[in-house]
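Work through these exercises with the model open in a viewer. Each task is followed by a solution in steps.

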Amino acid sequence: MTNDTARRISATSLWTIIILIFALVPIVTTSAYKINVASHILVWGLFAVSFNMLWGITGMLSFGQALYYGLGAYSVGLMVDYLGSGWFLPAIALGLVMVIIVSFLLGLLVIRVGGVYFTMLTLAFAQLAWQITFKWYDFTGGDDGIQGIIPPGILENRIVYYYFVLVIVFVSIWILKRMAYSPFGLILRCVQQNPARVRFLGRRVRRNQLRVYMVSSFFAALAGSLMAGVDSSIHTDMLFWTTSGEAILMSVLGGLNQFFGPFIGAAIFILIEDNIGARTEYWPLIIGSIMLVMVILFPKGIVGEVLRLKAWFGKNGGGRQP
Amino acid sequence: MTPILQIQSLDKSFGGLHVTANVSFDVMPGEISAIIGPNGAGKTTLFNQITGHLRSDSGRILFNGQNILGHSPQRIVARGIGRAFQIASIFPDETVLDNVRIACLSKRGETRKYLRAVDAFTEATDDARAILESLGLSDQAERLAFELAHGDQKMLDIGIALALRPNLLLLDEPTAGMSPEERLHTKELILKLWKEFDLALVFIEHDMDMVFGIAQTVRVLQQGALLAEGTPEQIRANKEVITAYLGEEF
Ligand SMILES: Nc1ncnc2c1ncn2[C@@H]1O[C@H](COP(=O)(O)OP(=O)(O)OP(=O)(O)O)[C@@H](O)[C@H]1O
Ligand SMILES: [Mg+2]
């Protein structure tokens, strides 16, 4: 029990530090560019953490969460574009409602097929949505995307919008973390490890998979809709398979089995992209090499390896790390 | 007294292989009984049919007088049949405590609580700890399940089943793969659990010391058919059983 309390305190203090760092960004810098990078980390962090509820916790490797990320972004982009900036917040809400419905219906379908077929089917649906968005130029702006998505009222202020994103992202991650360590989260981990036994606890495997699929998709869409205001623009790439792929890479980079691993992974991924991408167009090659080294040498991801080192030095080994 | 479990003319074939052949027997409430028989006799298959893992071709299965044939495993568990598996079926990356606790939570209908930490469910947690105490696994509660010794993993599997508070518990070769000392210990433990949890208990075993040591009734399966049923003394003296399975030393 003491061990338990100790690691909960260390996890809490880690979060406090992370939140503090992000809260201080607009205070220590006036650079709009740096604030933008910090916003990207927050939004992608939420997207990656929501994705990891599916993969790391439940063992469902979706290659199509870009679908929901994009749906969130496009519902905001389209409504602001067609109806005006006052629709920004209602559009977020409407997009989320739409995603609840879509993920429920699609979930019923994709969860019927397990394993690699689930991965392929989620990819197929996301690519389909990307195709439609890409081709339907008159409605979606096609390859041009949508520009000039200005949040309404005081949110128009970059710094206010930054804090708006910060609060929503951390509240969302807090909710997801509570879920991961609730009985529901435990059932999800059990579903990954031994679905046959879960049935013999009297629980339905597919129903729980559907629930987490909907939860994950909901927060992916929330992340996407926040992103529409961060860059004031959206693009078909948000629905493209590379977006789903980046969430996967971030999770691997940070560590699948650690709840906040994907968030750290997102931060490192974006900082690499930002620093190396500015100097060389070959940055995907560099991130690719880093990924290769990570997977071969540090399969637990950055957070997993750091915790392992800590446990090794502290000799308080064993147990699960939150 | 009505039997807790009634198996009536149960059949199951895999292709041409008749694995359950017209099997009928009753299990009384509070009874402890064994199913024995050579490898491939259809013992595990029979459990799979009772618990809804396998569809039966024909026959009837009644639990507390009501039909359960054709029901899903989930429904059958909810009715009160628990089961541990021939190969320990546990959640390897969870703690020993959480393995049992998830079953306690499930029993209480608390698995759909999304935002409260597992630790905050004190009744389920106390219940899980009590079960670990009965199993002698208390001092390993915080370890991850895959770190346990083989025998302890089998006990943990039984603990998960017990946490659902079944009226009928089916154990598939509880001592399989254990050393002689572990077997002795397990035999005593199962007898203790049977009394403590007020169960009807049916176990499949190849360890004859355990079978004849603790079973009140013994049933012998051979090539899918029920060859004999009776008290340990009757089975030990049964000529057919001796030639088919037990051999002369009994
Ligand atoms: N799903 C299946 N499909 C086809 N054949 C099966 C299946 N399950 C079991 N069998 C066959 O049915 C027969 C009975 O198997 P079962 O597992 O019930 O035996 P058992 O009595 O439990 O044996 P053991 O003592 O080795 O555990 C075996 O010949 C087995 O190969
Ligand atoms: Mg068997």
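**Exercise 1. A hairpin turn**

Which residue takes a positive phi in the hairpin of S1(B) and S2(B)?

Solution. The model is a predicted one. Start with the loop: the hairpin has 2 residues between its strands. Then check the backbone angles there. B:Gly15 is the residue with a positive phi, near 60°. Now look at the strands themselves. S1(B) and S2(B) pair in the antiparallel sense, over 7 bridges.

**Exercise 2. The sheet around the hairpin**

Find the strand order of the open sheet of 4 strands in chain B, and locate its edges.

Solution.
Step 1. Trace the neighbours. The order is S2-S1-S4-S5, with antiparallel pairing.
Step 2. Take the edges. Strand S2 (17-27) and strand S5 (66-67) of chain B each have a single partner strand, so one side of each lacks a neighbour in the sheet.
Step 3. Move to the pair S1 and S4. Strand S1 (residues 5-14) and strand S4 (residues 58-63) of chain B are antiparallel over 5 bridges.
Step 4. Follow one residue both ways. B:Ile7 has B:Ile61 as its bridge partner in S4(B). In S2(B), B:Ile7 stands opposite B:Phe25.
Step 5. Add the helix. Helix H1 (residues 43-50) of chain B packs on this sheet and touches S1, S2 and S4 of chain B. The direction of H1 makes about 115° with that of S1(B).

**Exercise 3. The sheet of 6 strands**

Describe the open sheet that 6 strands of chain B form, then place two helices on it.

Solution.
Step 1. Write the order: S6-S7-S8-S3-S9-S10, with mixed pairing.
Step 2. Mark the edges. Strand S6 (81-84) and strand S10 (225-230) of chain B each pair on one side only.
Step 3. Take the twist. The average is 20° from one strand to the next.
Step 4. Test one pair. S6(B) and strand S7 (residues 168-172) of chain B are parallel over 4 bridges. Within that pair, B:Arg83 is opposite B:Leu170.
Step 5. Place the first helix. Helix H5 (residues 150-163) of chain B lies across S6 and S7, at about 170° to S6(B).
Step 6. Place the second. Helix H9 (residues 239-246) of chain B touches strand S3 (32-36), strand S9 (217-222) and S10 of chain B. The direction of H9 makes about 125° with that of S10(B).

**Exercise 4. The interface**

How many residues does each chain bring to the contact, and how much area do chain B and chain A bury?

Solution.
Step 1. Count residues. Chain B gives 38 and chain A gives 26.
Step 2. Compute the area. About 3,000 Å² is buried between the chains, 59% of it on carbon and sulfur atoms.
Step 3. Rank contributors. B:Gln74, B:Phe91 and B:Tyr114 supply 23% of the area that chain B buries against chain A, more than any other three residues.
Step 4. Apply the charge rule. There are 2 salt bridges across the interface. In one salt bridge, the side chains of A:Arg197 and B:Asp157 meet at 2.4 Å, N to O.
Step 5. Count polar contacts. Between the chains, 17 residue pairs are in polar contact.
Step 6. Assign the elements. Helix H2 (73-79), S6, helix H3 (96-107) and H5 of chain B each supply at least two residues to the side that touches chain A. H3(B) gives the most, with 5 residues.
Step 7. Sort by type. That side of chain B has 19 nonpolar, 8 polar and 11 charged residues.

How values were computed
Residues numbered from 1 in each chain as written. Chains lettered and ligands numbered in written order. Predicted model: local features only at pLDDT ≥ 70, side-chain atom pairs only at ≥ 80, totals over all residues. Heavy atoms only, no water. Pairing = 2+ DSSP bridges. Axes fitted to C-alpha atoms, helices over the stretch in contact; angles between N-to-C directions. Contact = heavy atoms within 4.5 Å. Buried area = accessible area lost by both parts, 1.4 Å probe. Salt bridge = Lys/Arg side-chain N within 4 Å of Asp/Glu carboxyl O. Polar contact = N/O pair within 3.5 Å; in protein donor to acceptor, adjacent residues only side chain to side chain. Nonpolar A, V, L, I, M, F, W, Y, C, P; charged D, E, K, R; others polar.
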